[in-house]
Structure formats: C-alpha cells, structure tokens
Amino acid sequence: MASSTRVFAKGCGSLMAAARHSAAAASAQAGGAVPSATRRPAGILKPSPVSPSLRTFLGVSEASRTDVIKKVWQPIKLNNNLQNPQNEEEEIFCDEKLKTLFDGKR
C-alpha cells in the first residue's frame, strides 16, 4: 500500500479505504465468511394455521402459503382430467376432494 500513497495524494485515503473494504467483502463472499444465524421464515414462507377443510386435505395443521399452493396443485397436475383441455390455464374441474376446499364449486 505504500506505493499507492505515493501515487495518490494524501487526500485520496478515502478512496483506498473503500477499495480495501470492497476487497475484503469480495474475499468473504468467496467462502471465507461464516454464515449468520439462520432466520425464521417470514411472509409467505412463514407457517401459519390452516382452515379445517384445508387441514383434512393437506394432513397438517400448519403450512406456509407456498406449500399450500404446491400441494393443492399437485393432484390437479397429476390428474389430466381436472383441467379443461380447451382452456388449461384458467379452468379446473374439481373432483370430490377439491370440492371440499372450494365449497362445492366447479
């Protein structure tokens, strides 16, 4: 670093400090840093209580929103008769198990 102080004037020390800091951050990201403590899930990843009908469908009393969506779509995707062939993206035909979730609606 002594050579850089000869090239830059004394007032440029802040530029070098930023460069040293960014180099240290880059080496820490390369795998030298210890990961921080694990966080609790928040938002749509946070498990929350589910309704009684959803509890019987999923088999669990708490689930995150993302898990609920995945588990509801799983039987729809596996059974090709549950999606309208002309309009696959917008219309789903509910079987008896799905009708319990959607109050008997089609």
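Is Asn84 buried or exposed? At 10% relative accessibility, Asn84 counts as buried. The legends below take up this residue and several others in what is a predicted model.

**View 1. The whole chain, an arrangement of five helices and two strands.** Following the sequence from start to end, the elements come in the order α-α-β-α-β-α-α. The protein has 106 residues, and 16% of them count as buried. About 8,700 Å² of the protein is exposed, with carbon and sulfur atoms supplying 56% of that area. Among the contacts with a separation of 6 or more, 12% join residues that sit 24 or more positions apart. Keep this overview at hand as you go through the close-ups.

**View 2. The largest nonpolar core, built from 12 residues.** Val50, Leu54, Phe57 and Leu58 belong to this core, together with Ala63, Val68, Val72 and Ile76, and with Leu82, Cys94, Leu98 and Leu101. Helix H3 (52-58) supplies at least two of these residues, and so does helix H4 (65-78). The grouping fits a familiar pattern: in soluble globular proteins, nonpolar side chains tend to be buried together.

**View 3. Helix H4 and the side that packs inward, with Val68, Val72 and Ile76 as its buried residues.** H4 is 14 residues long and covers 20 Å from its first C-alpha to its last, close to the 20 Å expected at 1.5 Å a residue. What do the buried residues of H4 pack against? Their partners are H3, strand S2 (62-63) and helix H5 (96-99). The spacing along the helix is worth a moment here. An α-helix has 3.6 residues a turn, so residues three or four places apart point the same way. Val68, Val72 and Ile76 also appear in the list of core residues, which ties this close-up to the one before.

**View 4. Phe57, a core residue in helix H3.** Phe57 has a relative accessibility of 12% and therefore counts as buried, the cut-off being under 20%. Which residues does Phe57 touch, leaving aside its neighbours within four places in sequence? The contacts are Lys71, Val72, Pro75, Lys97, Leu98 and Leu101. Val72 is one of these contacts, and it lies 15 residues from Phe57 in sequence, with 8.4 Å between the two C-alpha atoms. Val72, Leu98 and Leu101 are listed with Phe57 in the largest nonpolar core.

**View 5. Lys71, a residue of helix H4 that touches Phe57 and Leu58.** Lys71 counts as partly exposed, at 35% relative accessibility. In sequence, Lys71 and Phe57 are 14 residues apart, and in space their C-alpha atoms are 9.0 Å apart. The contacts of Lys71 with Phe57 and Leu58 are those that remain once neighbours within four places in sequence are left aside. Both of these partners are members of the largest nonpolar core.

**View 6. Asn84, back to the opening residue, in the loop between H4 and H5.** The side chain of Asn84 makes a polar contact with the side chain of Glu91, at 2.6 Å. A polar atom of the Asn84 side chain also lies 3.2 Å from the backbone nitrogen of Gln86. Not counting residues up to four places away in sequence, Asn84 touches Glu91 and Phe93. Asn84 counts as buried because its relative accessibility, 10%, falls under 20%.

**View 7. The salt bridge between Glu96 and Lys99.** How many salt bridges does the structure hold? There is one, and it joins the side chains of Glu96 and Lys99 at 3.9 Å, N to O. Both residues lie in helix H5, three residues apart, about one turn of the helix. Glu96 is exposed, with a relative accessible area of 60%, while Lys99 counts as partly exposed at 29%.

**View 8. Asp103, in the segment after H5.** With 68% relative accessibility, Asp103 counts as exposed. Asp103 and Ser53 are separated by 50 residues in sequence, and their C-alpha atoms are 9.5 Å apart in space.

How values were computed:
Residues numbered from 1 in each chain as written. Predicted model: local features only at pLDDT ≥ 70, side-chain atom pairs only at ≥ 80, totals over all residues. Heavy atoms only, no water. Core = buried A, V, L, I, M, F, W, Y, C linked by side-chain atoms within 4.5 Å. Buried < 20%, exposed > 50% of the residue type's maximum accessible area, 1.4 Å probe, protein only. Helix = DSSP H or I, 4+ residues; strand = E, 2+ residues; numbered from the N terminus. Contact = heavy atoms within 4.5 Å. Areas by Shrake-Rupley, 256 points an atom, 1.4 Å probe, with all protein chains shown as cover. Expected span 1.5 Å × (residues − 1). Polar contact = N/O pair within 3.5 Å; in protein donor to acceptor, adjacent residues only side chain to side chain. Salt bridge = Lys/Arg side-chain N within 4 Å of Asp/Glu carboxyl O.
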